[in-house]
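Let us go through this chain by question and answer. The sequence and structure are shown first.

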Amino acid sequence: IYNVAFHPLSNVPGPSNWAASRIPFIRCLLRGTLVQDVERLHRKYGQVVRIAPDEVTFAHPDAWTEILQPRPGRQQFLKDALWWSEPSPKSLINAIDPATHARIRKTLVPAFTSGALKAQEPIIQRYVSLLIERLRQQVHAAEVADGSTNGAVVDIFPWLNFTTFDVFGDLGFGESFNCLEHSEYHPWIALIFDNIKAIAFVNSVKFYPALDWLLTRCIPASLKKVQADHFQQVVDKVRRRMNWEVTREDLMFHTLKEAKEGQGMSLDEIDYTFAALTIAGSETTATVLGGIVNFLSADGARCRLLSDEVRSAFASEAEITLSRVGGLEYMNGVINEGLRLCPPVPWILPRRVPAGGERVCGVWLAGGTAVSIQQYVLNRDPALFHDASSFVPERWLAGEDSQAASPYASDQRGAVQAFSVGPRSCLGKQLAWAEMRLIVARLVWAFDITAAGRERDGGGGGGALQWEHLRTFLLVEKRAIAVRLRRRQARAGGRAEGGASGSA
Ligand code: HEM
């Protein structure tokens, strides 16, 4: 009764059972449906909703700057210790203290500049070429088997994951995970999603400190062992990388250089940071790519627009380089639309309102209140985007926001911040864009892509897979995206693949 009627947050809109206890939140978190359930609450109660006794969540464009962007005269909203605290030592991602975070981030920044990315391009290209080669082999094998030219049906999600993990393995540790080489998940990677799911479960226990001790002891020994083995593999990789005299400037180069000089990160911090980076730098990019392929495969007209743009921009596959793909306007629209509808971090985990309280999006909140941002919900808000749940790359094209006649003129493009903003925003944004551009361009250069099957429960959304049905356990759970890949066919005035040089 106190939480609902007398608590300082009792004036914030929201369902009374969520305001009364954490239980509805935890139930949805453990079911993996929190994002969809909170979306229903936002549509009913508005852009600011109380989703727990001490948490208010925002699907409001101003929340990005008001919560995450430090401003003069205002204290910073720090990451909520409940989600990011011990037992692990500090890493870039879980460091809460701004000075610790800034020290770790400063060490890593040189590895993520445009100059560094240029030097990393040959490594990224190598794995994108291997991806295309493996997919071509599948098409060839299927066509030989059934004596047709119908191509092959492929679940594309694992292949995208293989590529982003192999790229990160090479860039981060100097050794690929060899997923593409062996056409299967490295056993360590196969466990990552279970590990993330486990974190969601463990965190739900932390809401009840009195039970925490007991429930933590209920976590099966086998799960604890999986987590320990997982981490040990990163430690082994870091140690191997440290013993190599590598001159190329990969992601660990500057970190190790500073560590040798007794600066930057401690060994523990390096281990934990690179363990977190392996997931942050691979799962995320693969999710957006999966979303893009899913939507395009179900929309022949838009897929053709994209492949026409790519195929007419380059005379050969070898010409598809980072410096040249950046200028493809329709492709940029496709990727932006993928980031809008399929954000791999669908909700930004809570920050705490600083002591003394602050106003956020017009609502006064007491110090210590947890505040989170629902970017999946925000990006699909019909009040902010015309035809909000449809995949429409055109909304991002130059001029659409200034032509009064365009249905997308009033779209709030700035509300989409898939990489977040402020000092904790994504460090790998440029690397992610580079991978997405090269992979999307090379896929539509090489193949005509169509959806191979649609979910039987169908209805709305578009794509072989209904994105709205995917569960979230901090990150988005992956399900099969069955697409038919055919070697590209010549269109009027165009070239068939035989005319393209530089095969992978
Ligand atoms: C499309 C791909 C990606 C998206 C949409 C994305 C999104 C995000 C978001 C939303 C955050 C902030 C999370 C929070 O504040 O709770 C974040 C943080 C981060 N991301 Fe990404 N990410 C992507 C790819 C990558 C890649 C490729 C890397 C590196 C290899 C990377 C490294 C990081 C790191 C290190 C942080 C933590 C930064 C800090 O706390 O200072 N991400 N990312």
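**Ligand iron, loops and a strand pair**

Student: Before we start, on what basis are the values given?
Tutor: This is a predicted model, in which local features need pLDDT of at least 70 and side-chain atom pairs count only at pLDDT 80 or more, while totals for chains, interfaces and linings use all residues. Residues are numbered from 1 along each chain as its sequence is written, and side-chain values use heavy atoms, with hydrogens and water left out.

Student: Which residue is the only protein donor of the iron atom of the ligand?
Tutor: Donors are N, O and S atoms within 2.8 Å of the metal (3.2 Å for Na, K and Ca), and water is not among the atoms, so sites may look incomplete. The residue sought lies in the loop between α21 and α22, where helices (H or I, at least four residues) and strands (E, at least two) are DSSP runs numbered from the N terminus. Its SG atom is at 2.3 Å from the iron, and the residue is C426.

Student: Is C361 buried or exposed?
Tutor: C361 is found in the loop between β6 (358-360) and β7 (363-365), and it has a positive phi of about 50 degrees although it is not a glycine. Buried means under 20% relative accessible area, exposed over 50%, and partly exposed in between (1.4 Å probe, protein chains only). With a relative accessible area of 15%, C361 is buried.

Student: Which residue in β2 stands opposite A52?
Tutor: Strands β1 (residues 48-52) and β2 (residues 55-58) run antiparallel and are joined by 4 bridges, where pairing requires that DSSP finds at least two bridges between two strands. A hairpin joins β1 to β2 through 2 residues, and opposite A52 stands E55.
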